[in-house]
Amino acid sequence: MDPQPLAAPTVAASHAGEARPRAAYFVSDSTGITAETLGRALLVNFPGVTFRHHTIPFVDSAEGAAAALAEIDRAADAGAEPIVFHTVRSPVVARVLSRARATHIDLLGGHLTELEQALGTTASEQLGSFHTVGDTEQYFARMRAVEYAIEHDDAQSMRALDQADVIIVAPSRCGKTPTTMYLALQYGLLVANYPLTDDDFPTEGLPRPIAPFAARCFGLTTTPLRLSQVRHERRPDSTYASLAQCTLELRRAEDLYRRTHIPFVNSSTKSVEEMSAVIMQSLKLRT
């Protein structure tokens, strides 16, 4: 009897294993925002690997670490060894967590020791101090900025526009609101946004409500196809979402930006974080 070939099943199994996402854990003794942000920034450098993300916040006791350990070990049993990014300060908690069957990446690690040596003082033992209320004045400034952004979203209010740090200008569905909220919550900036509509054209300058604040204005644009796709999700098969209408509105908007010397960026290939960075750099708003 001829032997059965074994190569094909082995190759198939290998491909199946490669397709399975690898577990990535972001573990923190506070909110997990820092661990997740830094961990994701590292993982994005490996586009050929698919990751399944899990955030475990508030691991601030041995019991919490044991529960996290059990979850990570279950993921290890189910597939490839997980990757664990953590920002845990307590040596007791870190010691328990270190027993998990995973690759461990301490995102604070030796950096705190290096800073202690450079500054000649020991680091605070307060857990999660970066994402607590901390600086009360700064915290309330961010909350005020969020309230301002909500009030001034899509030109719902023209009140106190003179207080705005930024006025984002763009046709509908180009990314004004998410960028506005990110700048408010992340940096405490007072941001309004103004939607360009048919009523604003033809015009030689900026629309009257925002014209006095041209130095604080920043424009967004996108591609006609991308804008049409986004608008179709909101109003399928409408003139509003048609490729012709989107092309017209974007052309008018970009002409307006150029005539009035308003800086602008194409949002079609940029994240909210990237657009916010461009806005802050262009308007010299680095905090």
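Pro 202 sits in the loop that runs between strand 6 and strand 7. In this predicted model, the peptide bond joining Phe 201 to Pro 202 is cis, with omega at about -5°. A second backbone feature worth a look is Asp 154, which is not a glycine and yet has a positive phi of about 55°. Asp 154 belongs to the loop between helix 6 (136-151) and strand 5. As background for both spots, most residues other than glycine have a negative phi, and most peptide bonds are trans.

Strands 5, 6 and 7, mentioned above as neighbours of these loops, bring us to the sheets. One open sheet is made of four strands in the order 6-5-7-8, with parallel pairing. Strand 6 and strand 8 (264-266) are at its edges with a single partner strand each, so one side of each has no neighbour in the sheet. From one strand to the next, the twist of this sheet averages 25°. Inside it, strand 5 (residues 166-171) and strand 7 (residues 217-221) are paired in the parallel sense over three bridges, and Val 169 stands opposite Gly 219 of strand 7. Helix 9 lies across strand 5, strand 6, strand 7 and strand 8, and runs at about 145° to strand 5.

There is also an open sheet of four strands in the order 2-1-3-4, with parallel pairing. Here strand 2 (51-56) and strand 4 (103-106) are the edge strands, each pairing on one side only. The twist averages 20° from one strand to the next. Strand 3 and strand 4 run parallel and are joined by four bridges, with His 86 opposite Asp 106 in strand 4. Helix 3 (residues 62-78) lies across strand 1, strand 2 and strand 3, at about 170° to strand 1.

Here are the two sheets side by side.

| Strand order | Pairing | Average twist from one strand to the next |
|---|---|---|
| 6-5-7-8 | parallel | 25° |
| 2-1-3-4 | parallel | 20° |

Next come the aromatic rings: how many aromatic pairs does the structure hold? There are three aromatic pairs. One of them is formed by Phe 26 and Phe 85, whose ring centres are 5.7 Å apart and whose planes meet at 20°, so this pair counts as stacked. Phe 26 lies in strand 1 (residues 22-28) and Phe 85 in strand 3 (residues 83-87), so to speak bridging distant parts of the chain, 59 residues apart. Finally, the pocket. The second largest pocket has a volume of about 540 Å³. Which residues are the closest to its centre? Of the 28 residues that line this pocket, Ser 172, Arg 173, Cys 174, Gly 175 and Lys 176 are the closest to the centre. Several elements give two or more residues to the lining: helix 7 (176-187), strand 6 (191-196), helix 8 (224-234), helix 9 (243-260) and helix 10 (272-282). Helix 8 gives the most, with five residues. By residue type, the lining divides into nine nonpolar, nine polar and 10 charged residues. Strand 6 thus appears both in the pocket lining and at an edge of the sheet with the order 6-5-7-8. Helix 9, too, gives residues to the lining and lies across strands of that sheet.

How values were computed:
Residues numbered from 1 in each chain as written. Predicted model: local features only at pLDDT ≥ 70, side-chain atom pairs only at ≥ 80, totals over all residues. Heavy atoms only, no water. 1 Å grid on protein atoms, 1.4 Å probe; cavity = no way out; pocket = protein on both sides within 12 Å on 5 of 7 lines; lining within 4 Å. Points joined across faces, edges and corners; volume = space filled by probe spheres on them. Nonpolar A, V, L, I, M, F, W, Y, C, P; charged D, E, K, R; others polar. Pairing = 2+ DSSP bridges. Axes fitted to C-alpha atoms, helices over the stretch in contact; angles between N-to-C directions. Contact = heavy atoms within 4.5 Å. Phe/Tyr/Trp six-rings, centres within 6.5 Å; stacked < 30°, edge-to-face > 60°.
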